[in-house]
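Grab the model in your viewer and work through these exercises with it. Each one sets a task, then walks through a solution step by step.

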Amino acid sequence: MRFRTIKIVTALGLVSVLAAACGSSKSSSTPTSAGSSSSALPATIKIGVPLDLTGSSEITGVGTGEWAGVQFAVNQINSSGFLGTSKIDPVMFDTQASKTEAVQRTVELISSDHVSAIVGYSLTPSFLAAGPIAQKDGIPVMAVGLSGAGVTEVGNYIFRELLDYTKLYAFGDPQFVKATHATTAAYLYGSDTVTTSGQYAARRKLLESLGVKTVAVETITAATTDMQAQLTAIKDANPDLLVVNVDTGQVPSVLVQLGESGITAQYLGDTSLGSAVVTGNPAAIKAAQCGLFTTPWVPTSTAGGNPLFVSQWKAANNGQTPDFFDALGRDAMWAMATAIKNANSVNPSQIRDALSQISGFSGALGLYGWNNPAAPGQPTYGGVNEQVQNGQDVPWTSSTTCTK
Amino acid sequence: MLQQTVNGIALGATYSLLGLGVTLIWGVLRVLNFAYSQFIVWGAFGTLIAIENHVPTVFAVLIGMAVAGVVAVFVDMTVMQFMRRRGTSEFALVVATIGVYYILSSVAQDRSKSQIETFPIGGFPHGSVDIGSTSLPSLQLLSLVISVAVMIVLGYWLNRTRLGRATRTVAYSAPTAELLGVNSRAIFALAVFVSGCLAALAGIFNAADSSTLSYSDGDQLLVVAFAVIVLGGMGSVKGAVIGGLALGLVQVYTTLYVSGVFSNAITYLLIVGVLIVRPNGLFGVREEARV
Amino acid sequence: MFDWLNPYTQLVAAGILVNALLVLSLFVVFQCGVLSLATIGFMADGAYTSSLLATKQHWPTVPAIAAGAVVAAVLAYIFGRLVLHLRGIYLALGTFALGQVFVLGIANFTWTGGPGGIVGIPVDITLAELVFVVLAVGVVFQLVHLSFVGRALRAIRLDERVAAGAGINVARYRTLAFTASGFLAGLAGGFEAFQTGVISPDQYSFVLLVQILALAMIAGSYLWAGSVLTAIAIGVAQQYIGTTDALAEGLLYGGLLVVVMILVPNGITDPRLLRRLTFRRLRPHRGPSSPPTSEASPSGASPLVIK
């Protein structure tokens, strides 16, 4: 049993070496082949991984998924000899969705553990507190899974691997409006988090610029469990579209109560429609029938290194399909390793420079990089449109039909 | 408008259940119990685990109620009873319940890994009952029926039965009750068990309404329960039901006419406001100062 | 002054001292028999006032923090007059809701930054400054403790009616203590904001209240130094225990609260406990310990209201 595991890991390692060699060294200044040792690198390379694993309901599945993805990547990188004889040593802290914790741990990582780089942060507030410290001390950060605005604005040492979601909406929503001929919209959003309220504001502005009139705006907070009042108000406004941006953990409640409410408006959601919290909840996914959303990643995506990632993940996790956050954790750590390899150094500023030159990175999110001079620190992939049909997320085009 | 009033009543139905449990412990034990929030959660988790193990929903609900009841009795027999015997102050009791809350909450958080669990709602009533142009979700109708029934049963129990009179004697003075041959420990345990069951019931309805369950679901519900008993008058059974319905209506009207943003803040404002204006609640009887 | 400590240690030390200020803010009201659960709300008031002044009005750090503490004190004075006439549990509940109203209010205004809070607060408070402030607060506490004000406050805790009979204006002293509590919490909030550089409403949580409450209850309501030392001792102990997860933290603080309430409901600085420990006069202790409020024990009570 043990032997088989080792074999699988070795096989995976070899495959990932090939993948990495093919995909990610386009901009590499030292195109060494994957197995050879690079003498400038120390035996262990410490990388800080501060993530919000526990603490608030907003982090459901986020931090734990990202940590699983990061560990997966570290195993691949170390066992494949991607960095020669050097090994990555991830220093992990659970920052408990607390800003104070995020700040203290980041200072600890930099001043006590002397990490070369940071791959971490789960919630935007944790990052906003801790990011400036890393920037000030010149430690490159690959921010994992932050969907809010204002991340790369912190400084030139900050990189993000998840698009600011408003960019996703700018991609998908105009297509949805055109296909549905919608002229009115109602909004339901979580007013107590910066992420969801920011997404609502951006989306409303976007839709209004497309000529979609706002007929109702309703809010919920993390404490809201029953939304009949909001849903009745929306029903009375009779909109064509219902645009929902709430915490992932609350999406099942919204969907289930929506299903009972008799609202027929077309549901425009967010990536949470593809998350395990929703897809694993039979009542919620049933109520989400025909819901539309735009996402940077779906398990079935064939872009970049995703098919390889999905098959490797399944092999390593008893056939389980990876989720979005696993993919995010995996890509973030691989991107950092690629930068370290390209820099052939653990000097933070050289890693930073290497990160900003990565292109053609073969990740789970597609074939992308961070080398767009117009948007420094931001990834260069786009999004895909998806629709929930009979409990599954299927690719959506303007000719896709769906019956409730 | 009419529909929104119905929504408010539906929302208030679960709140009434919450208030009934807290008012019972307050009335009998004179304890403001912060751990109540975790009785809600543990009860709902008990039901969730039972459903996941293919126990029919009705029995799963009973199991959840029993779990919360037992946890409540356990806490009372270990921590509270010990403190009561030593004649510890009211404040110390409140603080101890906060400690118990924190322990139970962190265990639930650890066991559920801080995740939001799916609460299967297949076995619960769904759809809604239409009355004219308005519709009332079946689930809330059921919780309304249950809370009114519980109110009647509790009222009957406390006022009309021998056991109930014994309970009230214990609430008045445990030593006096002991002298009269009443087993005050058994009465405390019974009251605590029933209040734990009611907590679980409220938690289960809440979980079924949202089809999710997390370790922190009880926190907001506890505040709601406090608001309900402040509105209805602490220790008043009828007040708990009326207070619950009133709070539901206030929250819905706030959402409707002001903004959903404030439906949460209004709960706390109500607590402060009512305490300042009428410390014994809108339906409570004035208590004499206890010296 | 503390440059020889590495930045992480400095940050942790500062966090512990902020906690000490919060514990003192609870201590000052416990002293006169008031259980206030509003401290975290006043902390938020102080943090937001000082941060808004610094980021929007470009006030220097020290006046901004001072202003934050004063605003928290003024709010405590205004609302203290409203809720302090409540007794016992009603007072605890009233202060709890009051604290939450402040936090939720802050979260729902746009000029406070809403749920996102405030970023870019200058991080320029040194550990030395914080040590100085805590020492200064300690000196004030010691002076008050020795003065007639301190005696009056303690008399109110022991028996409100007797105190009133002795000519002590109970309401005025309680309001004074509540105002001081607001001031200290506001001060702590300001210092914390200028340590982390970012604040948002969600950090002023019930869990934080529970942790501070645990420290305050362990320390008891007799010696201010006990509060500071307890905050420091447990803060340092936690560093030695190492990385704690939510479960360990819950069991630690929750367990401490329960155990302390059962064994030493008046805290470890209870004079009678200290005397017993020093003179080894261990006799069976059965009778009711003196309650920190004027309320009678829970069982000897008024009739249950049922109708």
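Which residue is the bridge partner of Tyr187(A) in β8(A)? Keep in mind that this is a predicted model.

**Exercise 1. Place strand β8 of chain A among its neighbours and say whether it is enclosed.**

Step 1: start from the question above. The partner of Tyr187(A) is Val243(A), which sits in β8(A).

Step 2: look at the pairing with β6. Strand β6 of chain A covers residues 184-190 and pairs with β8(A) in the parallel sense, over five bridges.

Step 3: look at the pairing with β9. Strand β9 of chain A (residues 266-268) runs parallel to β8(A) and is joined to it by three bridges. Here Leu242(A) stands opposite Tyr267(A).

Step 4: sort the side chains. Leu241(A), Val243(A) and Asn245(A) point one way from β8(A), while Leu242(A) and Val244(A) point the other way. Whichever way they point, all of them are buried.

Step 5: conclude. Five of the five residues of β8 (241-245) of chain A are buried, so the strand is largely enclosed by the rest of the structure.

**Exercise 2. Work out the strand order of the five-stranded open sheet in chain A, and find a helix that packs on it.**

Step 1: write down the order. It goes β2-β1-β3-β4-β5 in chain A, with parallel pairing.

Step 2: pick out the edges. These are β2 (87-94) and β5 (158-160) of chain A, since each pairs on one side only.

Step 3: check the twist. Ignoring direction, neighbouring strands of this sheet are turned by 25 degrees against each other on average.

Step 4: zoom in on one pair. Strand β4 (residues 141-143) of chain A and β5(A) pair in the parallel sense over three bridges. Met142(A) has Phe159(A) in β5(A) as its bridge partner.

Step 5: add the helix. Helix α3 of chain A, residues 99-111, packs on the sheet and touches β1 (44-51), β2 and β3 (117-120) of chain A. The direction of α3 makes about 175 degrees with that of β1(A).

**Exercise 3. Describe how chain A is divided, and how its two domains meet.**

Step 1: get the overall inventory. Chain A has 13 helices and 14 strands, and buried residues make up 60% of its 404 residues.

Step 2: see how far apart the contacts reach. Take the contacts in chain A between residues at least 6 apart in sequence: 72% of them join residues at least 24 apart.

Step 3: split the chain. Domain 1 takes in 2-163 + 300-371, and domain 2 takes in 166-295 + 385-395.

Step 4: look across the boundary. Twelve residues of domain 1 of chain A are in contact with 16 residues of domain 2 of chain A. On the domain 1 side, these divide into four nonpolar, six polar and two charged.

**Exercise 4. Characterise the side of chain A that touches chain B.**

Step 1: count the residues. There are 30 from chain A in contact with 31 from chain B.

Step 2: trace them to elements. β7 (213-220), α7 (228-237), α8 (251-261) and α10 (282-287) of chain A each supply at least two residues of this side. The largest share, five residues, comes from α7(A).

Step 3: sort by type. The chain A side holds ten nonpolar, 17 polar and three charged residues.

**Exercise 5. Locate the largest nonpolar core, then contrast it with two residues of chain B.**

Step 1: find the hubs. Of the 339 residues in this core, Val119(A), Met336(A), Ala200(B), Ile271(B), Leu21(C), Val23(C) and Leu257(C) touch the most other members.

Step 2: find the main contributor. Helix α1 (residues 7-30) of chain C gives the largest share, 16 residues.

Step 3: place the core in chain A. Domain 1 and domain 2 of chain A both give residues to this core, so it lies between them.

Step 4: inspect one hub. Beyond its neighbours within four places in sequence, Ala200(B) has contacts that include Phe39(B), Ile40(B), Met65(B) and Val67(B).

Step 5: turn to the contrast. Gly155(B) is found in helix α5 (residues 138-160) of chain B and counts as partly exposed, because 16 other C-beta atoms lie within 10 Å. Ile131(B), in strand β2 (residues 128-131) of chain B, has 11 other C-beta atoms within 10 Å and is therefore exposed.

Key:
Residues numbered from 1 in each chain as written. Chains lettered and ligands numbered in written order. Predicted model: local features only at pLDDT ≥ 70, side-chain atom pairs only at ≥ 80, totals over all residues. Contact = placed C-beta atoms within 7 Å. Helix = DSSP H or I, 4+ residues; strand = E, 2+ residues; numbered from the N terminus. Nonpolar A, V, L, I, M, F, W, Y, C, P; charged D, E, K, R; others polar. Core = buried A, V, L, I, M, F, W, Y, C linked by C-beta atoms within 7 Å. Buried ≥ 20, exposed ≤ 12 C-beta atoms within 10 Å, placed from the backbone. Domains from an automatic or database assignment. Pairing = 2+ DSSP bridges. Axes fitted to C-alpha atoms, helices over the stretch in contact; angles between N-to-C directions.
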